[in-house]
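Please work through the exercises below with the sequence and the coordinates open side by side, and try each task before reading its solution.

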Amino acid sequence: MRETLFKDNFWTPDLINTAGYDSIIQHLNDGRKNCKEFEDFLKERASIEERYGKELINLSRKKPCGQMELNTLRKALEVFKQQVDSVGQSHIQLAQTLREEAKKMEDFREKQKLHRKKMELIMDAIHKNRNLQYKKTLEAKRLYEQRCRDKDEAEQAVHRSANLVTQKQQEKLFVKLAQAKTALEDSDRVYQTNIGTLEKIREEWQNEHIKACEFFENQECERINYFRNALWLHVNQLSQECVKNDESYEEIRKVLEHCSIEKDIESFVILRKTGSVPPTPVVYENYYNSQKSAVSGRSQAPAPGRRPQMPIPSSGPLDPEYASIDGYSLLHYPYSGQCKLFSSESETFGVGG
């Protein structure tokens with residue numbers, strides 16, 4: 001039978017002292033608690049991943065994002081929302097995977113607890129039997145030592161009263177001494193029997209203790225290995241989720257590479273164009289000339305619905321000389337859309353525009 005670290009480090013010199021065994025059990029309970037904490041951690045992380053995934057899906061499906069865009073950028077935005085939805089679905093799937101891993105950890109923890117319970121029941125029974133026998137042996141020893149003292153006192157009484165008491169008293173002392181010797185022999189036999197029984201129980205306990213230590217050490221090795229692998233797997237799952245997310249984002253980047261500014265602007269122009277001919281310029285109309293033309297037109301009785309033609313000034317619109325229209329002087333200023341009108345008959349002036 002191989003030596004175990006647990007056995008080597010948890011022997012105690014006192015037969016009924018269970019400090020070493022109790023330390024092992026406490027360590028195993030702490031390990032089980034650690035597994036439970038990691039199990040709860042996985043469940044909580046799963047809840048977080050699920051909430052995050054659902055929020056991403058709601059965001060991609062319900063929140064508008066550039067819905068008025070056209071052509072290539074619109075296509076890129078559609079792929080963007082599709083991939084965000086895909087990322088959300090991936091996180092929900094990760095949440096389900098984490099819950100499955102938490103369930104596996106729970107099953108492993110409960111399986112170890114069940115197997116360990118069987119060994120603990122065996123050890124508890126042998127500890128109880130050992131402790132009872134140990135107490136019986138101590139009681140037998142105490143009684144044996146008392147009988148030894150009784151026998152010694154009886155012998156001393158016989159020697160002290162050898163020449164001081166009567167024959168009858170001497171006989172009583174010898175009877176008492178004989179009884180003390182008989183009681184001593186009985187107590188010695190009981191004491192030795194209890195010692196033998198205790199030794200058998202001690203050997204049985206020692207063998208079971210070694211088996212228990214080996215079993216507990218194997219369980220602890222299995223637990224540490226399983227815990228380590230579970231944590232490693234968890235980290236790999238998170239890394240794989242990052243890879244999936246990056247693949248989704250890469251799809252968005254690929255579409256954005258084909259996004260064309262020229263095509264989008266051209267698409268807008270084709271879709272929303274109103275014509276290709278610019279509007280005609282707005283021409284200058286002189287108010288007074290219009291009035292004069294109206295009076296002249298009435299005297300000439302122009303055709304109904306036809307506007308009379310405006311008289312053309314004698315000077316060009318940029319010629320800084322005076323031009324006269326129907327008795328009014330018109331002065332043009334370069335670079336201006338305005339002109340001043342001066343009456344030839346009065347000092348009043350007006351602004352035409």
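The exercises that follow concern a predicted model, and each task is followed by a worked solution.

**Exercise 1. Overall make-up**

Task: State how many helices and strands the protein chain has, and give the order in which they run.

Solution: Counting the elements gives six helices and four strands in the protein chain. Read from the N terminus on, these elements run α-α-α-α-α-α-β-β-β-β. As for burial, the protein chain has 353 residues, and buried residues make up 29% of them.

**Exercise 2. The packing of α2 with α3**

Task: Decide whether α2 and α3 are roughly parallel or roughly antiparallel, and describe the residues of their contact.

Solution: Two packed helices are described by the angle between their axes together with the distance between those axes. For α2 and α3, the axes come within 8 Å and cross at roughly 165°. Angles over 145 degrees count as roughly antiparallel, and therefore α2 is roughly antiparallel to α3. The handedness of this crossing of α2 and α3 is left-handed. Sorted by class, the residues of the contact of α2 with α3 comprise 19 nonpolar, eight polar and 20 charged.

**Exercise 3. The packing of α2 with α4**

Task: Carry out the analysis for α2 and α4, giving the angle, the distance between the axes and the handedness.

Solution: Helix α4 spans residues 167-257, and it packs with α2 at an angle of about 20°, the two axes lying 11 Å apart. Because angles under 35 degrees count as roughly parallel, α2 is described as roughly parallel to α4. The crossing in which α2 passes α4 is left-handed. In the contact of α2 with α4, the residues divide into 14 nonpolar, five polar and four charged.

**Exercise 4. The largest cavity**

Task: Find which helices supply the lining of the largest cavity, and sort that lining by residue class.

Solution: Begin with the search of the whole structure, which finds two cavities of 30 Å³ or more. The largest cavity holds about 70 Å³ of space. Its lining consists of Leu 28, Arg 32, Cys 35, Arg 109, Gln 112, Lys 113, Arg 116, Gln 219, Glu 220 and Arg 223. At least two residues of this lining come from each of α2, α3 and α4, and the largest share, four residues, is given by α3. Sorting by class then yields two nonpolar, two polar and six charged residues in the lining of the largest cavity.

**Exercise 5. The second largest pocket**

Task: Identify the residues that line the second largest pocket, and say which element gives the largest share of the lining.

Solution: The volume of the second largest pocket is about 160 Å³. Its lining is made up of Arg 61, Lys 62, Lys 63, Pro 64, Cys 65, Gly 66, Gln 67, Arg 74, Leu 77, Glu 78, Lys 81 and Gln 82. Two or more residues of the lining are given by α2 (19-62) and by α3 (71-160), and the largest share, five residues, belongs to α3. By class, three nonpolar, three polar and six charged residues line the second largest pocket.

One lining residue, Arg 61, deserves a separate step. Arg 61 lies in helix α2 and counts as exposed because its relative accessibility is 58%. Its C-alpha lies 9.4 Å from that of Val 84, although the two residues are 23 apart in sequence.

**Exercise 6. Individual helix residues**

Task: For Asn 71, Arg 149 and Arg 189, name the helix of each and decide whether each is buried, partly exposed or exposed.

Solution: Take Asn 71 to begin with, which is placed in helix α3. Its phi is near 55°, a positive value in a residue other than glycine, and its relative accessibility of 27% makes Asn 71 partly exposed.

Arg 149 also has its place in helix α3. At 40% relative accessibility, Arg 149 counts as partly exposed. From Arg 149 to Ala 180 there are 31 residues in sequence, while the C-alpha to C-alpha distance is 9.1 Å.

Arg 189 belongs to helix α4 and, with a relative accessible area of 48%, is partly exposed. Arg 189 and Tyr 144 are separated by 45 residues in sequence and by 8.8 Å in space, C-alpha to C-alpha.

Note on methods: Residues numbered from 1 in each chain as written. Predicted model: local features only at pLDDT ≥ 70, side-chain atom pairs only at ≥ 80, totals over all residues. Heavy atoms only, no water. 1 Å grid on protein atoms, 1.4 Å probe; cavity = no way out; pocket = protein on both sides within 12 Å on 5 of 7 lines; lining within 4 Å. Points joined across faces, edges and corners; volume = space filled by probe spheres on them. Nonpolar A, V, L, I, M, F, W, Y, C, P; charged D, E, K, R; others polar. Axes fitted to C-alpha atoms, helices over the stretch in contact; angles between N-to-C directions. Parallel < 35°, antiparallel > 145°, perpendicular 65-115°, else oblique. Left-handed = near helix turned anticlockwise from the far one by under 90°. Buried < 20%, exposed > 50% of the residue type's maximum accessible area, 1.4 Å probe, protein only.
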